[in-house]
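Open the model in your viewer and keep the sequence panel beside it. The stops below are given in the order in which to select them.

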Amino acid sequence: HRYLDKGIRLDVYLKDNENNVYNIEIQNGNLANIAKRCRMYQSKLDSGALKPGEDYANLKKQYIIFVCTGDPFGEGLYKYTFENLCEEDPSIKLGDESLKVFLNTKGQKGEVSRELKAFLNFVEESTVQNAANINDLYVAQLSAKIEDIKKDEELGGVFMTLEEKMNELAKEKMAEGKEIGIKEGIKENSLSVAKLMKQKNYDINDIIEITHLTKEEIESL
């Protein structure tokens, strides 16, 4: 979480290796004035992005992403992406490197990846049963980790929200990519998910299908 002035709280605030900024917001229900909210977030993110006297060229790319449990623009798209274009000639981009993306969990139209559809499906109904029906590795990771946190007695019954888990997983993946390489990181993630699923008594065939591990690897956990 990151807090800005005038009561603005960012659900997830991330920077990648090139210091590009990602602000991810989970929007349940109220979609009123969501475009103007996005405008306010952009202005606040930019306000602290440069030091006094620093050149504007040093501003990094900025992505503001709203995950909405409703259709913010009523056209049935899975994803609405906006950037600044010239009104007289839309082929001319302003080039300010700021992108706004609105994801719609109730979307039915548009060309998006199977993985994004799976994620939106899970956000719409974040249950263990739905996660198993979706049959996607990343969704299985989210579901298993969330359920594991819920049962962790050390947290005293305080559940982490979905956006916090997304933030945690993103940081884990970045760290794993740096330290042990992408392939090893994927394998470690699969083993971690398989272990959690095994603890929760998932059928071994479902674990194999989701994690792509062998029966021997899973039984050895």
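Select Lys61, which sits in the loop between H1 and S5. Helices (H or I, at least four residues) and strands (E, at least two) are DSSP runs, numbered from the N terminus. The model is a predicted one, where local features need pLDDT of at least 70 and side-chain atom pairs count only at pLDDT 80 or more, while totals for chains, interfaces and linings use all residues. Residues are numbered from 1 along each chain as its sequence is written, and side-chain values use heavy atoms, with hydrogens and water left out.

Lys61 has 36% relative accessibility and so counts as partly exposed. On this scale, buried means under 20% relative accessible area, exposed over 50%, and partly exposed in between, with a 1.4 Å probe and protein chains only. Now add Val21 to the selection. Lys61 and Val21 are 40 residues apart in sequence, yet their C-alpha atoms are 6.3 Å apart in space.

**The ring pair between S4 and S5**

Next, show the side chains of Tyr22 and Tyr63. Tyr22 belongs to strand S4 (residues 21-27) and Tyr63 to strand S5 (residues 62-68), so their pair ties together parts that are 41 residues apart in sequence. How do the two rings sit relative to each other? Their centres are 4.9 Å apart and their planes at 5 degrees, so the pair is stacked. The rule is that rings of Phe, Tyr and Trp (its six-membered ring) pair if their centres lie within 6.5 Å; planes under 30 degrees apart count as stacked, over 60 as edge-to-face and the rest as tilted. Tyr22 is partly exposed, at 25% relative accessibility, and Tyr63 is partly exposed too, at 22%.

The whole structure holds seven aromatic pairs. To see a cluster joined by ring pairs, select Tyr41, Phe66, Phe73, Tyr80, Phe82 and Phe102.

**From Phe102 to helix H1**

Keep Phe102 and add Ala35, a residue of helix H1 (residues 34-47). The C-alpha atoms of these two, Ala35 and Phe102, are separated by 9.6 Å, although their positions lie 67 residues apart along the chain as a separation in sequence. Ala35 is partly exposed, with a relative accessible area of 47%.

**The cysteines**

Turn to Cys68 and Cys38. How many disulfides does a search of the whole structure find? The search finds zero, a disulfide being a pair of cysteine sulfur atoms within 2.5 Å. Cys68 is in no disulfide, and the nearest cysteine sulfur, that of Cys38, is 9.8 Å away. Is Cys68 buried or exposed? Cys68 has 0% relative accessibility and therefore counts as buried. Cys86, at 24%, counts as partly exposed.

**Two asparagines with positive phi**

Most residues other than glycine have a negative phi. Select Asn19, in the loop between strand S3 (12-15) and S4. Asn19 is not a glycine, but its phi is positive, about 65 degrees. Its relative accessibility is 42%, so Asn19 counts as partly exposed.

Then go to Asn135, in the loop between H3 and H4. Asn135 also has a positive phi, about 60 degrees, without being a glycine. At 30% relative accessibility, Asn135 is partly exposed.

**The loop between H3 and H4**

Stay in this loop and select Asp136. Asp136 is buried, at 4% relative accessibility. A polar atom of the Asp136 side chain lies 3.1 Å from the backbone nitrogen of Val139. Asp136 and Phe119 are 17 residues apart in sequence and 8.4 Å apart in space, C-alpha to C-alpha.

**The cavity**

The last stop is a cavity: on a 1 Å grid over the protein atoms alone, a set of points where a 1.4 Å probe fits but cannot get out, with lining residues having an atom within 4 Å of a point. The count comes to one cavity of 30 Å³ or more. About 40 Å³ of space lies in the largest cavity, a volume being the space filled by probe spheres set on the points, which are joined across faces, edges and corners.

Select Ala131, Ala132, Ala140, Ser143, Ala144, Met197, Tyr202 and Ile210 to show the lining of the largest cavity. Helix H3 (128-134) and helix H4 (137-150) each supply at least two of these residues, and H4 gives the most, with three. By class, the lining has seven nonpolar, one polar and no charged residues; Ala, Val, Leu, Ile, Met, Phe, Trp, Tyr, Cys and Pro count as nonpolar, Asp, Glu, Lys and Arg as charged, and the others, Gly among them, as polar.

Key. 1 Å grid on protein atoms, 1.4 Å probe; cavity = no way out; pocket = protein on both sides within 12 Å on 5 of 7 lines; lining within 4 Å. Polar contact = N/O pair within 3.5 Å; in protein donor to acceptor, adjacent residues only side chain to side chain.
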